[in-house]
Amino acid sequence: MRKIILSLLLTGVVFCLHAQGGGGVSIDGIVAVIGKSIIMRSDLEKHYKDYTAQYRTVEDPEDVYCTILENLVFNKLMVNQAELDSIEVTDEEVDYRLNSRIQYFLQQTGGDVKFIENYFNKSMAEIKKDMREMMYEQALIEQVQSNITGSITVTPSEVHQFAAKIGPDSMPIVSTTYQFGEIVKIPPVSEEEIAEVTNRLNTYRERVLRGEKFGALARLYSDDPGSASKGGDLGFVERGSLYPEFEAVAFNLKSGEISQVVKTQAGYHIIQMIERRGESIRVAHILIQPKPSTEEQVKAITYLDSVRAVIIAEKMPLEEAAMKFSEGITKLNGGMVVNPYNSSLSFDRQSMDDATYTTVSKLIPGEYSECVPFVNDDGVMAYRLIYLKEKVSEHKANLVEDYDMIKNAALEQKKYDAMEKWVLEKVKVTNIKIAEQYKFCPFVSKWQIP
């Protein structure tokens with residue numbers, strides 16, 4: 001697990017561009033040579049610093065240093081192979097990776113550019129310049145890995161052999177999981193409510209134009225829980241990551257300009273442009289979601305109560321019931337709800353909100369809940385019946401209930417073995433030198449590095 005974490009660190013999932021410093025003077029030096037590439041002591045130290053910053057405590061510093069160095073040597077081996085194979089990476093791909101990484105940083109900091117610049121002690125332009133080479137190497141490494149492991153598969157026999165090697169007593173514990181479907185009813189919103197929402201947003205817009213702070217109004221009135229506390233600030237986002245109607249307006253705003261009212265699936269917005277950088281924009285918005293009347297909500301509840309009675313009386317399959325009665329997008333999936341975290345039909349406690357878990361956990365397989373309120377993926381208020389299709393209680397992983405999970409683990413192990421074999425072969429024909437003080441690291445003898 002530690003190697004996986006460190007591998008993520010070394011491929012740039014977290015910040016790893018710290019400036020040297022803090023007042024002292026470090027004595028740099030070469031700790032490894034791999035072909036035409038070198039690894040400096042400063043490279044090792046900055047990754048160690050990132051690791052300790054993220055995980056706070058280090059039980060065995062020497063072990064961490066060795067694992068970091070192993071990953072750095074491995075990555076340089078991959079880059080060396082990419083050069084031998086004449087693998088090319090376009091500027092467009094590097095730009096895409098770089099912009100995606102910068103956007104990730106900005107999202108994590110609420111769009112605070114100054115925080116990132118202070119963190120690295122560099123300007124954003126310098127950060128991008130330093131990251132560019134890292135993104136280029138990462139693209140090369142992924143292509144080489146794909147060439148080595150992309151065609152690897154596992155047979156059912158290999159899956160069983162993998163499970164037998166682990167042994168039933170050593171199998172991991174799998175949390176209780178649920179598979180459930182839904183029948184959805186979305187109460188309609190009246191034209192009067194829509195007009196009232198539009199008027200409210202126009203009023204907020206006029207107040208900003210008269211001098212009030214957009215962010216203050218967003219904190220008070222926006223229905224977007226993710227951005228309201230940040231003054232409506234969505235941070236930097238790239239084209240294609242927002243609703244098309246929202247983007248069509250947002251990308252045409254000038255700095256400081258406030259849009260007219262914009263309608264999307266999520267509701268109605270006014271948008272303020274904060275800053276634009278090429279195809280990335282930083283905007284704030286105030287979202288108001290029209291609410292159905294009490295009368296329409298009562299109608300929706302009554303409708304679903306009658307639907308539930310029909311389904312139970314006629315023993316109607318969920319797929320048929322969803323197509324006939326449901327207004328949710330899940331009707332296209334036979335009524336089944338897909339876990340957005342892993343694209344499977346299985347949910348554990350952590351992948352459900354509290355209200356859904358409370359309902360689902362009380363059902364027995366084959367049972368429908370009473371009508372319950374919920375907010376759909378677009379933030380729209382709705383009601384639904386929840387149908388529990390399957391519940392698998394907490395247990396040790398086994399081939400009957402967890403075949404796909406064990407198959408994936410077997411596949412990853414086979415890929416790991418292939419990479420290890422590849423490394424042992426490449427070490428024999430690549431000029432590799434490790435500084436004397438690091439020759440105690442286990443990978444040096446494992447890879448038979450002289």
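Here's a quick tour of some strands, a helix, ring contacts and charge pairs in this structure. Keep in mind that the model is predicted. It holds 18 salt bridges, and the count of aromatic pairs comes to six. Helix α3 turns up more than once below, since Glu70 and Lys76 both sit in it.

**Strands β6, β7 and β8**

- Strand β6 (residues 262-264) runs antiparallel to strand β7 (residues 267-277), and three bridges pair them.
- The β6–β7 connection is a hairpin with two residues between the strands.
- If you want a spot to look at there, Lys263 has Tyr268 in β7 as its bridge partner.
- On to the next pairing: β7 and strand β8 (residues 280-288) are antiparallel too, joined by nine bridges.
- Arg276 faces Ile281 of β8 across that pairing.
- β7 and β8 also make a hairpin with two residues between them, and Gly278 in the turn shows a positive phi of about 60°.

**Helix α3**

- α3 covers residues 61-84, which is 24 residues.
- From first C-alpha to last, α3 reaches 35 Å, close to the 34 Å expected at 1.5 Å a residue.
- Most of α3 is covered, with 19 of its 24 residues buried.
- After the helix comes Ser86, which has a positive phi near 55°.

**Aromatic rings**

- The count here is six aromatic pairs, and the first one to look at is Tyr178 with Tyr357: ring centres 6.2 Å apart and planes at 80°, so this is an edge-to-face pair.
- Tyr178 belongs to strand β4 (residues 177-185) and Tyr357 to helix α13 (residues 354-360), so the contact ties together parts 179 residues apart in sequence.
- Tyr178 is buried at 4% relative accessible area, while Tyr357 is partly exposed at 25%.
- Tyr204 and Tyr221 are a stacked pair, because their planes are at 10°, with the centres 4.6 Å apart.
- That pair links helix α8 (residues 191-209), home of Tyr204, with helix α9 (residues 214-221), home of Tyr221; the two residues are 17 apart.
- Tyr204 counts as buried at 6% relative accessibility, whereas Tyr221 is partly exposed at 28%.

**Arginines over rings**

- Arg349 lies over the face of Tyr357, 4.3 Å from the ring centre.
- Arg239 does likewise with Phe251, at 3.9 Å from the ring centre.

**Salt bridges**

- Lys446 and Glu70 form a salt bridge, with their closest N and O atoms 3.5 Å apart.
- This one links distant parts of the chain: Lys446 is in helix α15 (residues 442-446) and Glu70 in α3, 376 residues apart.
- Lys446 is partly exposed at 33% relative accessible area, but Glu70 counts as buried at 11%.
- Lys76 and Glu137 form another salt bridge, the closest N and O atoms being 3.3 Å apart.
- Lys76 is in α3 and Glu137 in helix α6 (residues 124-149), so the pair ties together parts 61 residues apart in sequence.
- Both Lys76 and Glu137 are buried.
- Arg132 and Asp91 meet through their side chains in a salt bridge at 3.9 Å, N to O.
- Here Arg132 sits in α6 and Asp91 in helix α4 (residues 91-108), 41 residues apart.
- Arg132 is partly exposed at 29% relative accessibility, and Asp91 is exposed at 51%.
- Glu70, Glu420 and Lys446 are joined into one network by salt bridges that share partners.

Technical notes:
Residues are numbered from 1 along each chain as its sequence is written. This is a predicted model: local features need pLDDT of at least 70, side-chain atom pairs count only at pLDDT 80 or more; totals for chains, interfaces and linings use all residues. Side-chain values use heavy atoms; hydrogens and water are left out. Two strands pair if DSSP finds at least two bridges between them. Helices (H or I, at least four residues) and strands (E, at least two) are DSSP runs, numbered from the N terminus. The expected span of a helix is 1.5 Å times one less than its number of residues. Buried means under 20% relative accessible area, exposed over 50%, partly exposed in between (1.4 Å probe, protein chains only). Rings of Phe, Tyr and Trp (its six-membered ring) pair if their centres lie within 6.5 Å; planes under 30 degrees apart count as stacked, over 60 as edge-to-face and the rest as tilted. A charge sits over a ring if NZ of Lys or CZ of Arg is within 6 Å of the ring centre and within 35 degrees of the ring normal. A salt bridge is a side-chain nitrogen of Lys or Arg within 4 Å of a carboxyl oxygen of Asp or Glu.
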